[in-house]
Structures are given as C-alpha cells and as structure tokens.
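Work through these exercises with the sequence and the 3D view side by side. Try each task before reading its solution.

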Amino acid sequence: MRNFPLSRGTVAGLLKGYIGLSAAVYTEVYSMVLNGSASKLLLLLTLGIPIICLAMMYFIRPCTPASGEDSSEHAHFLFTQGTSLSLGIYLLTTIILKDVLSLGNTISYIFVAIMVILLMAPLAIPLKMTLFPANHKKPSQTDLLGGDGGLTQTDPLLTPSSSAAYLGSFYESEDITEVDILLAVGEGAVKKKKKPRRGEDFKFREAIVKADFWLLWIVYFLGVGSGVTVLNNLAQIGVSHGVNDTTILLSLFSFSNFLGRLGAGIASEYLVRSKMIPRTFWMTVTQIIMILTFLLYASSLSGTLYAATALLGVCFGVQFGIMIPTTSELFGLRHFGLIYNFMQLGNPVGALLFSGWLAGHVYDTEAAKQQVSSCMGPNCFRFTFLVLAGVCGLGTFLSIILTIRIRPVYQMLYAGGSFRLPTSSNH
C-alpha cells in the first residue's frame, strides 16, 4: 500500500485475490501431490509454509512511490491481474478434472508444475526491469528553465512533508493565506489544530473515536461475518443438500471469492477515479446481492446451490477488497497496519457469533430432532440463512449512510481523476 499509494484498490485486490486462491492451491497440492494425506498436509502447514514466508520476507522492502501516473506500472498491474485470473481459471478446471476423471500421478504432477509456473509468473516483472531497465531521460537545466532563463515549471521542486498539504483548499473556510496562519502560529497568537481530518494520517487512538471508523467496521463485520458463516459450514451445507463430495463446491467458492477480491479493486478504482464514488458503494451493492443469495439458500430450490455459492463467493471477496483501500484513504498510511488489523477483527468476531453460535446451534438442534449426527435437509440451515439475510439488510442500510458521509472526502482526494498523493515522502 505504501509502495503503490496511487493504486490502492488495485494492490488490495491483487493481494487479497491471491489469498482467496490459496484454498484452491492447497486443495491442488493436497489431492495431487500429498495424495490426500492429512498428516502430510499438517506437516506442510506447520513447517513448509512458515519457512517459505520467512524466506520471502527478505524481498518485502519499501520503495520510492511514483509521483504521478506511470504507464509501465499500469502495464505491470495488468499483467499480474491477467496471470492471477489465468491461475484461478486453471485451478478450477484442474480440480474439476481431478474430481471427475481418474488421473495418474504423472499427469497430476504436470498439473501442479503448471500451477507453480502460473504462481511465479509475476516474477517476470522484476526480471524484465532488471535485465531491461527503462532509460528515463533526466531533466536538464534547460528543461527546467525557459528559453529566456526564467522558470517555466509551475510545480514546486521541494514540497512539505505533511500529508495535509493537499487538504488545505478543501477545508479552508476563511479567506486566510497559509502564510498568515504560519505567522500567527509562530507568534503564539493561535494554536495550530492538531486533530487530523478524514484523508489525513490518523493515529489509532484518533481513528477509533470517529463515527466513520465504526461504521466501516460494522459494515465489514456484517458482510464478512455472514459470508464466513457459509464458508465455514459449506461442506455441511452441501451434504445437507445431498452433495456428498463438496470439493467442487469449495473450489467454486474459492474461485468466486478470488474474482470478488480482484474485481473489487478494479471496479472501485475505476469508479473512484472517473466518478469520485466512494469504494463503499460496492459494499452496499454486494450486501444487497447477499440478501438475495441467503434467501436463495433458504428456499432450497433445486439446482440453485452452486449458483448461490458462486454469487456469495464474489460478494464475500468484495468486502475484503473494498475495506483495505477505504481504510487507507480515510485514515492514512502512517498507522495503517494497526488500524487495518483492527478492522480485520470483524472476520473472526463474525465467525464466532454467526458461525459458531448461530449456525452451530441451529444445526445441532435440527440434527437432534432427526436423531442423527449429520443433519440432512433444508431445515439444517434455513433459519440461519434467514437471520443472515437480515444481517446483510442492516449492513446495506449502514453502508449507504457511510457512503453518503465519506463522499466529500473522495471528491477531495480524487478531484483530479487520480488520487492526490499526500506529499509526505514517509508514505
């Protein structure tokens, strides 16, 4: 987020998109390489994944962000989005083939090898930039000076380090120049207001007292909490509807989740740049769709299980892809890590309330009525789905309020058709 502050939605969509694909990747490894061995999978998760993560941390470094739109950066993002989409389609196809056909070990290993190649395809970008660096012409003195020796460049060469630099004109309510204000502050005539405004850098204790902070948290909590309830119980939902092998169902949700995360970044970035519409607009749209999806689940109509799962996966992914850049735009990047991870608490809290308590209690009660350990039939989750539809109805209402409240902030931040990067180089 700090390395690419002008493409926040795109970055969030890509990173969260790959996380959404990880379930399908692990399914592929589990079924084709580990031959369905639970002990080997646990060993991989316990030792292999942490070792890989520690090794990759070396390559995570801050870089100087571009000061304006960079066509090569845009092309690199498009390439990464294309490879990630290819990977998602490939994973869904191979998992379905593995489930339908009986594939030998050799073919399985070939499938996994191709998957690894697609996973590592984005490495082509740093390799290309290293082997074929772009030759940017450095501006000469004559470029900076006019023909008669006068300065023609209108932008300042040195800029202040405060992220409030771009916010002055928006919040300015009096006909007072900044020089006058600075002189007054220096002479002690006035005290400079230190509380940040939306769009500036907030500390955690400053952000947590804001209404927009809690509105975003609650909307995210309601959307993700209801979605993760289905995700956590998807195998039992499939079995209760007569689907014995839920591998395809889980893979479909994973792929749709990926599409939602990736698409949220692309769509929200387009609307926010062209129409200055807050990203939370998409949270409103998807939660409306989630209401219809939960009602579709509750109806248990024949042939709708896979369609409902795909729709819910997309909407679930959008909640992740939208919350991240919205948090950074409202409360800044200086303390983004702490603020973002507090927002993330909406996921486990939602899982505890809606999945652990609500869905678990309803499922166990219905199973006890049937006097079986595995509940069968639409009643196993019907009441849960109706409650979740109501939850998303509340989330829709609150997201509309949030979108209206933060619209002026986005009009200010994206007034020029692109994010007006705060001039602080610390970002």
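**Exercise 1. Take stock of the fold.** Find how many helices and strands the protein has, and what share of its residues is buried.

*Solution.*
- Step 1. The predicted model has 17 helices and zero strands.
- Step 2. The protein has 427 residues, and buried residues make up 42% of them.
- Step 3. Take the contacts with a separation of 6 or more. Residues 24 or more positions apart account for 81% of these.

**Exercise 2. Check the annotated spans.** Which residues does the UniProt annotation "transmembrane region" cover, and how much helix do residues 41-60 and 383-404 hold?

*Solution.*
- Step 1. Read the record. The unreviewed UniProt entry annotates residues 41-60, 107-127, 213-235, 247-268, 280-299, 305-324, 345-363 and 383-404 as "transmembrane region".
- Step 2. Look at residues 41-60. The span is 85% helix and 0% strand, and its end C-alpha atoms lie 27 Å apart.
- Step 3. Look at residues 383-404. Here the chain is 100% helix and 0% strand, with end C-alpha atoms 32 Å apart.

**Exercise 3. Place Val 29.** Find the helix that holds Val 29, decide whether Val 29 is buried or exposed, and list its contacts.

*Solution.*
- Step 1. Val 29 belongs to helix 1, residues 8-32.
- Step 2. The relative accessible area of Val 29 is 17%. Buried means under 20%, so Val 29 is buried.
- Step 3. Set aside neighbours within four places in sequence. Val 29 then contacts Leu 34, Leu 44 and Met 115.
- Step 4. Compare sequence and space. Val 29 and Phe 111 are 82 residues apart in sequence, yet 9.9 Å apart in space, C-alpha to C-alpha.

**Exercise 4. Compare two serines.** Where do Ser 299 and Ser 355 lie, and is each one buried or partly exposed?

*Solution.*
- Step 1. Ser 299 is in helix 13, residues 280-299. Ser 355 is in helix 16, residues 346-370.
- Step 2. Ser 299 has a relative accessible area of 31%, so Ser 299 is partly exposed. Ser 355 is at 9%, so Ser 355 counts as buried.
- Step 3. Follow the side chain of Ser 299. That side chain reaches the backbone oxygen of Leu 296 at 2.7 Å.
- Step 4. Look further along the chain. Ser 299 and Asn 379 are 80 residues apart, and their C-alpha atoms are separated by 9.8 Å.
- Step 5. Now the surroundings of Ser 355. Not counting residues up to four places away in sequence, Ser 355 touches Thr 229, Asn 232, Asn 233, Gly 350 and Gly 360.

**Exercise 5. Classify aromatic pairs.** Find how the rings of Phe 202 and Phe 331 are arranged, then do the same for Phe 336 and Tyr 340.

*Solution.*
- Step 1. A pair of aromatic rings is described by the distance of the centres and the angle of the planes.
- Step 2. The count comes to 24 aromatic pairs. In one of them, Phe 202 and Phe 331 lie 5.3 Å centre to centre, with 85 degrees between the planes. Over 60 degrees counts as edge-to-face, so this pair is edge-to-face.
- Step 3. Locate the partners. Phe 202 lies in the loop between helix 8 (178-186) and helix 9 (204-207), and Phe 331 lies in helix 14 (residues 305-331), so the pair ties together parts that are 129 residues apart in sequence. Phe 202 and Phe 331 are both buried.
- Step 4. Phe 336 and Tyr 340 are stacked: 5.5 Å centre to centre, 10 degrees between the planes. Both lie in helix 15 (residues 336-343), four residues apart, about one turn of the helix.
- Step 5. Phe 336 is buried at 11% relative accessibility, and Tyr 340 is buried at 14%.
- Step 6. Widen the view. One aromatic cluster is formed by Phe 202, Phe 204, Phe 213, Trp 214, Trp 217, Phe 221, Phe 331, Phe 342 and Phe 354.

**Exercise 6. Find charges over rings.** Over which rings do the charged ends of Arg 61 and Arg 261 sit?

*Solution.*
- Step 1. The charged end of Arg 61 sits over the ring of Tyr 58, 4.4 Å from its centre.
- Step 2. The charged end of Arg 261 sits over the ring of Phe 320, 4.2 Å from its centre.

**Exercise 7. Sort the cysteines.** Which cysteines does the disulfide join, and why is Cys 392 not bonded to Cys 315?

*Solution.*
- Step 1. The structure holds one disulfide. The bond joins Cys 375 to Cys 380, S to S 1.9 Å.
- Step 2. The angle about the S-S bond is -90 degrees, and the link of Cys 375 and Cys 380 is left-handed. Both cysteines are buried.
- Step 3. Turn to Cys 392. The closest cysteine sulfur, in Cys 315, is 8.6 Å from its sulfur, too far for a bond. Cys 392 counts as buried, at 0% relative accessibility.
- Step 4. Finish with Cys 63. Its relative accessible area is 39%, so Cys 63 is partly exposed.

Definitions and conventions:
Residues are numbered from 1 along each chain as its sequence is written. This is a predicted model: local features need pLDDT of at least 70, side-chain atom pairs count only at pLDDT 80 or more; totals for chains, interfaces and linings use all residues. Side-chain values use heavy atoms; hydrogens and water are left out. Buried means under 20% relative accessible area, exposed over 50%, partly exposed in between (1.4 Å probe, protein chains only). A polar contact is a pair of N or O atoms within 3.5 Å; within protein, one must be able to donate a hydrogen and the other to accept it, and residues adjacent in sequence count only if both atoms are side-chain atoms. Rings of Phe, Tyr and Trp (its six-membered ring) pair if their centres lie within 6.5 Å; planes under 30 degrees apart count as stacked, over 60 as edge-to-face and the rest as tilted. A charge sits over a ring if NZ of Lys or CZ of Arg is within 6 Å of the ring centre and within 35 degrees of the ring normal. UniProt positions are given in the numbering used here, feature names are shortened, and annotations may be inferred rather than shown by experiment. A disulfide is a pair of cysteine sulfur atoms within 2.5 Å. Contact means heavy atoms within 4.5 Å.
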